[in-house]
Amino acid sequence: MAHYVLLVLAFTSSFEFSSTGFEHDIKRHVWSRGEDTVGTFNSAIKPAGMEPPDYGNQTWTSEGFSVIASWPDSTKKLGQLSAVSLDVDGNIVIFHRGDRVWDGNTFLTNNVYNQRAMGPISQPTVVVFNASSGLVVEEWGRSIFYLPHGLTVDADNNVWVTDVALHQVFKFSQGGGKPLLTLGVAFMPGNDDDHFCKPSAVAVMSNGDFFVSDGYCNTRIIKFDKNGKFLIQWGRNSFQGIRSPVYEFSVPHALTLAEDKEMLCVADRENGRVQCFNCHNGSFIVQFRSREMGSRIFSVAYSPAQGGLLTVVNGPEFGGGGLVSGFVISLARKQLIEAFSPNGQGFHNPHDVAISTDGNQIYVVELDPYKVWKFVKGSVNSTRIEPRPIANTSTSAIKSVIPQNGLNFSRVQIVELPVNSSSASTIAAMVGIISIAAVIAVVIFAAVMKIRKRGPNSQLRRWDFPISQMGGFNLDRHQGFEKVSTEESDEEGASSTVNFRQLPSPFA
C-alpha cells in the first residue's frame with residue numbers, strides 16, 4: 001500500500017491551506033483545540049491603512065539620497081557591523097562584533113557555538129553615535145556578548161539585542177548594565193517556548209509586546225508579551241526560491257514594525273522578499289519582491305513618512321552580478337521608487353538598515369568593510385516618476401507597477417492575500433473539503449479493488465489503509481520548523497571584486 005500513501009501525499013501536498021492567508025497551521029491548531037479564548041486569531045481585526053492603492057496617472061518626485069562621506073568619526077574602530085537603530089533622542093546605535101568573525105569554524109553541525117573558550121568579546125559592542133557630528137556619545141557591552149546579531153531601540157529607549165552564539169535575546173536599559181529581560185538558554189539551541197536557535201532580530205510594539213525572528217535554524221516568528229510570556233508563533237522552513245508560499249521563510253533575517261498600519265514586516269533573506277503580517281494575530285497581509293532587489297534581502301526598516309516607506313538592503317548574489325544596494329518602497333503607491341548606495345557605486349556586504357521617522361535619513365551597516373553609512377535626503381539626482389496603471393492579469397491577487405525612471409526598474413511584484421474575506425475563506429474551505437473527499441474516494445476505491453483481488457475471505461490489514469495516518473489538522477505548534485543550513489548565514493565579503501558585483505562567502 002505504499003503507493004496509496006504516496007498518492008495521498010501527492011494530493012494533499014498540492015493543496016496548501018496556508019497559502020490563503022486564513023487557514024494557517026497555527027490557527028488551525030488553536031481553533032481545533034478551542035484555545036482561542038481571548039480572540040487572538042479574530043479575523044475581524046482588519047489592518048489599518050491597507051486599502052487598495054490608487055494607481056491612476058499620478059506624477060511625483062523622488063528627491064534621492066546622498067551619502068555623507070565624513071560620517072561617523074573615523075577614529076572609532078569597529079568590527080563586523082551586524083545591526084543599526086535610532087534611539088528616541090535621534091542618536092545612531094550600532095552593534096558590532098569586535099574581534100570576532102563568523103566563519104566555517106564558528107558553529108558545530110548541531111548549531112552549538114564552537115568558540116566558547118575564547119570568552120566574550122572584550123571590546124564594547126554597542127556604540128552610540130551623535131547623528132549630526134558622528135562622534136561617540138557612549139559605548140557599552142564589553143565582556144557580555146559572543147556573536148552579536150540584531151539590535152533595536154524601543155519607544156522607552158530600551159535596547160534589545162540578539163546573540164546567535166548564546167542563542168539568546170536581551171533587553172537592556174539605555175546605557176547597558178544588567179539585562180532587564182533575558183530569553184533563551186545560554187549556548188543551548190532549541191525550538192521550544194524557552195529556547196532559540198540563532199535568533200536574528202527583535203521588533204517591539206508601543207505596548208511593550210515584542211517579536212523575535214528565530215531565524216537561522218527554526219525559521220519562525222514568535223510574539224511575546226511585555227514580560228516575555230510566549231503568545232503566538234508562525235512560520236516554517238522553505239526551500240529558497242521565487243515560488244515559496246507565504247508564511248514560509250528561508251532565514252527570516254530582520255524585522256520592522258509599521259504600527260500605524262498594524263503590520264510586522266520580515267526580511268525573508270534567501271527568498272528575496274519582504275513578507276508583512278498583521279502584528280496582532282500573524283495573518284499575512286502583503287509581500288514585496290522585485291528583480292532589482294534580487295534574491296537575497298538582508299534587512300528592512302519602516303518610516304511612516306509619505307504614507308509609509310519600507311527601506312530594504314539586499315546582498316551579493318551567489319551567482320554574482322546584481323545591484324547590491326538600498327531600495328525604498330512606497331506603501332502608499334505600493335511601488336519601488338528609488339535605489340541608493342555610496343555614490344551610486346553599490347555596497348559590498350550590507351547587513352542592516354535604519355530610517356528616521358521623517359524618512360530623511362537612512363543608515364546602513366556593512367559586515368565587510370566595517371563601515372557605517374549615513375544618507376540624507378535632498379535634491380540630488382532628482383527623478384521624475386510616472387507610474388502606469390496595473391496591467392490586466394488573470395491572477396487578481398498579484399499587482400504590479402512599472403516605475404518609469406532612470407534606473408529602469410522592472411515590475412515590483414506585490415502579492416496581497418485577504419485578511420478579512422469570508423468569501424475567500426469559504427472558497428478555500430470548499431476546495432479543501434472537495435480535495436480531501438476526492439483523496440478518500442480514491443483510497444477507498446483502491447482498497448476495495450485490492451480486497452476483491454485477494455478474494456472474498458481476505459481482510460484489509462490496518463496498515464494497508466492510510467486514512468488513519470492522514471491526520472493533518474491537529475498540528476503541533478512546533479511542527480514544521482526545520483533546521484536551516486548554517487552554510488547560508490550572514491556573509492563576510494570575500495570577493496576580490498571591489499564593486500557591487502560581488503560573490504558572497506557562505507559565513508558571518
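**Salt bridges, ring pairs and a buried strand**

In this predicted model, a network of salt bridges links R269, E270 and R296. The overall count of salt bridges comes to eight. One of them joins the side chains of K76 and E139, with N and O 2.5 Å apart. K76 sits in the loop between strand 2 (65-67) and strand 3 (81-86), while E139 belongs to strand 6 (residues 136-140), so this contact ties together parts of the chain 63 residues apart in sequence. Neither partner is fully tucked away: K76 is partly exposed at 22% relative accessibility, and E139 is partly exposed at 37%.

Two further salt bridges come out with other surroundings. D214 and R220 meet through their side chains at 2.9 Å, N to O. Here D214 has 0% relative accessibility and counts as buried, and R220 is likewise buried at 0%. The bridge between D99 and R100 has its closest N and O atoms 3.2 Å apart. This one is a mixed case, as D99 is partly exposed with a relative accessible area of 47%, whereas R100 is buried at 5%.

Aromatic contacts are next. Searching the whole structure turns up 26 aromatic pairs. In one of them, the ring centres of F211 and W234 are 6.3 Å apart and the planes make an angle of 70 degrees; anything over 60 degrees counts as edge-to-face, so that is how this pair is classed. F211 comes from strand 12 (residues 210-214) and W234 from strand 14 (residues 230-234), so the pair ties together parts 23 residues apart in sequence. Both rings are out of the way: F211 is buried at 0% relative accessible area, and W234 is buried at 1%.

F340 and F375 make another edge-to-face pair, at 5.1 Å centre to centre and 65 degrees between planes. This pair links distant parts of the chain, with F340 in strand 24 (residues 335-340) and F375 in strand 27 (residues 371-377), 35 residues apart. Again, F340 is buried, at 2%, and F375 is buried, at 0%.

Elsewhere, ring pairs link W102, F107, Y113, Y146, F187 and Y216 into a cluster. The F107 ring in that cluster also has a charge over it: the charged end of K198 sits 4.1 Å from the ring centre. A similar arrangement involves K371, whose charged end sits over the ring of W373 at 4.9 Å from its centre.

Turning to the strands, all five residues of strand 9 (residues 168-172) are buried, so the strand is largely enclosed by the rest of the structure. Cover comes on both faces, with Q168, F170 and F172 buried on one side and V169 and K171 buried on the other. Strand 9 pairs antiparallel with strand 8 (residues 159-163) over five bridges, one of which matches D163 with Q168. Four residues separate the two strands in this hairpin, and H167 adopts a positive phi near 60 degrees. Strand 9 also pairs antiparallel with strand 10 (residues 181-183), over three bridges, including one between F170 and T182.

The largest nonpolar core has 26 residues, of which F95, L151 and V161 touch the most other members. Strand 4 (92-96), strand 5 (126-129), strand 7 (148-153), strand 8 and strand 9 each give two or more residues to this core. A second core, separate from that one, has 20 residues, among them A254, A258, F288 and F327.

Methods. Residues are numbered from 1 along each chain as its sequence is written. This is a predicted model: local features need pLDDT of at least 70, side-chain atom pairs count only at pLDDT 80 or more; totals for chains, interfaces and linings use all residues. Side-chain values use heavy atoms; hydrogens and water are left out. Buried means under 20% relative accessible area, exposed over 50%, partly exposed in between (1.4 Å probe, protein chains only). Two strands pair if DSSP finds at least two bridges between them. A nonpolar core is a set of buried Ala, Val, Leu, Ile, Met, Phe, Trp, Tyr and Cys residues joined through side-chain atoms within 4.5 Å. Rings of Phe, Tyr and Trp (its six-membered ring) pair if their centres lie within 6.5 Å; planes under 30 degrees apart count as stacked, over 60 as edge-to-face and the rest as tilted. A charge sits over a ring if NZ of Lys or CZ of Arg is within 6 Å of the ring centre and within 35 degrees of the ring normal. A salt bridge is a side-chain nitrogen of Lys or Arg within 4 Å of a carboxyl oxygen of Asp or Glu.
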